[in-house]
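This briefing goes through one protein chain, from its overall build down to single residues. Keep the sequence and the 3D view open while reading.

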Amino acid sequence: MAVVKATSADKALLARLLRAEAEGEGVNGMLLVGAVGINRIRANCSDFIGLRTIPEMIYQQHAFEAVQHGYFYQRARESEIRLAERAVKGERPWPAKYSLWYFRPPGDCPPTWYNQPLVGRYKLHCFYEPTGAECENIYNTF
């Protein structure tokens, strides 16, 4: 059962994001990106208040660098659509379980990002989880 409403087009859009943001990180890396996106919709806090749909989350201003590049606009592949479906169903592996942010630094992960603590790294991406004071809802929505 889905944790956010998603049409086939929404899942294909999310699949394109997964590939564009984390194809080099493999299946798990792409699933982590999907989990962060779904977390942003479900949490309704911090920079993500009012996001209710996958398109709103993906096209939120300054949210994902990938939407500025042509690779994002290629047709979704079945393998990434399946990963998007897993994310829509609420699969949230660590370190993305409660994360709302991730990024790929040129070196080590900084201890905070947007004033939120580092929770872990997967390959080249660092993941950041809000504090309970910043976003209590992220810990209560799943």
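**A buried acid and its surroundings**

Asp 10 touches Lys 5, Ile 54 and Pro 55, leaving aside residues up to four places away in sequence. Asp 10 sits in helix H1. The model is a predicted one, and the points below are grouped by topic.

- Asp 10 is buried, yet Asp 10 has no salt bridge.
- The nearest side chain of opposite charge belongs to Lys 11, and it is 8.6 Å away. A salt bridge needs a nitrogen and an oxygen within 4 Å, so this pair does not count as one.

**The chain as a whole**

- The secondary structure of the protein chain consists of five helices and four strands.
- Read from the N terminus, the elements come in the order α-α-α-α-β-β-β-β-α.
- A compact globule of 142 residues would have a radius of gyration near 14 Å, and the protein chain has 14 Å, so the two agree.
- Along the principal axes, the C-alpha atoms fill a box of roughly 40 × 35 × 25 Å.
- Of the 142 residues, 46% count as buried.
- Among contacts with a separation of 6 or more, 64% are between residues 24 or more positions apart.

**Helix H1**

- Helix H1 covers residues 8-22, which makes 15 residues. At 1.5 Å a residue the helix should span 21 Å, and its end C-alpha atoms are 21 Å apart, so the span agrees with the expected value.
- Its buried residues are Asp 10, Leu 13, Leu 14, Ala 15, Arg 16, Leu 17, Leu 18, Arg 19, Glu 21 and Ala 22.
- Those buried residues pack against three helices, H2 (26-43), H3 (54-58) and H4 (78-88). They also pack against two strands, S1 (101-103) and S4 (125-128).

**Helix H4**

- In H4, the residues Glu 80, Ile 81, Leu 83, Ala 84, Ala 87 and Val 88 are buried. Seen down the axis of H4, these residues fall within an arc of 160°, so they line one face of the helix.
- An α-helix has 3.6 residues a turn, so residues three or four places apart point the same way.
- The buried residues of H4 pack against H1, H2 and H3.
- Gly 90, just after H4, takes a positive phi of about 100°.

**Salt bridges**

- The count of salt bridges comes to four.
- The side chains of Arg 77 and Glu 23 form a salt bridge, with N and O 2.5 Å apart. This pair links distant parts of the chain, 54 residues apart: Arg 77 lies in the loop between H3 and H4, and Glu 23 lies in the loop between H1 and H2.
- Both ends of that bridge are partly exposed: Arg 77 has a relative accessibility of 36%, and Glu 23 has a relative accessible area of 32%.
- Arg 77 also forms a salt bridge with Glu 80, where the closest N and O atoms are 2.9 Å apart. Glu 80 has 3% relative accessibility; buried means under 20%, so Glu 80 counts as buried.
- Arg 19, Glu 23, Arg 77 and Glu 80 are linked in a network of salt bridges.
- Another salt bridge joins Arg 86 and Glu 91, whose closest N and O atoms are 2.7 Å apart. Arg 86 is partly exposed at 35%, and Glu 91 is partly exposed at 32%.

**Unusual backbone angles**

- Most residues other than glycine have a negative phi, and most peptide bonds are trans. The residues below depart from one or other of these patterns.
- His 62 has a positive phi, near 65°. His 62 is in the loop between H3 and H4. With a relative accessible area of 74%, His 62 is exposed.
- Tyr 114 has a positive phi, near 50°. Tyr 114 is in the loop between strand S2 (112-113) and strand S3 (116-122). With a relative accessible area of 55%, Tyr 114 is exposed.
- The peptide bond that joins Trp 94 and Pro 95 is cis, with omega at about 10°. Pro 95 is in the loop between H4 and S1.

Definitions and conventions:
Residues are numbered from 1 along each chain as its sequence is written. This is a predicted model: local features need pLDDT of at least 70, side-chain atom pairs count only at pLDDT 80 or more; totals for chains, interfaces and linings use all residues. Side-chain values use heavy atoms; hydrogens and water are left out. The expected span of a helix is 1.5 Å times one less than its number of residues. Buried means under 20% relative accessible area, exposed over 50%, partly exposed in between (1.4 Å probe, protein chains only). Contact means heavy atoms within 4.5 Å. The arc is that of the directions from the helix axis to the C-beta atoms. Lys and Arg count as positive and Asp and Glu as negative; His and the chain ends are not counted. The radius of gyration is taken over C-alpha atoms; the globule rule is 2.2 Å times the number of residues to the power 0.38.
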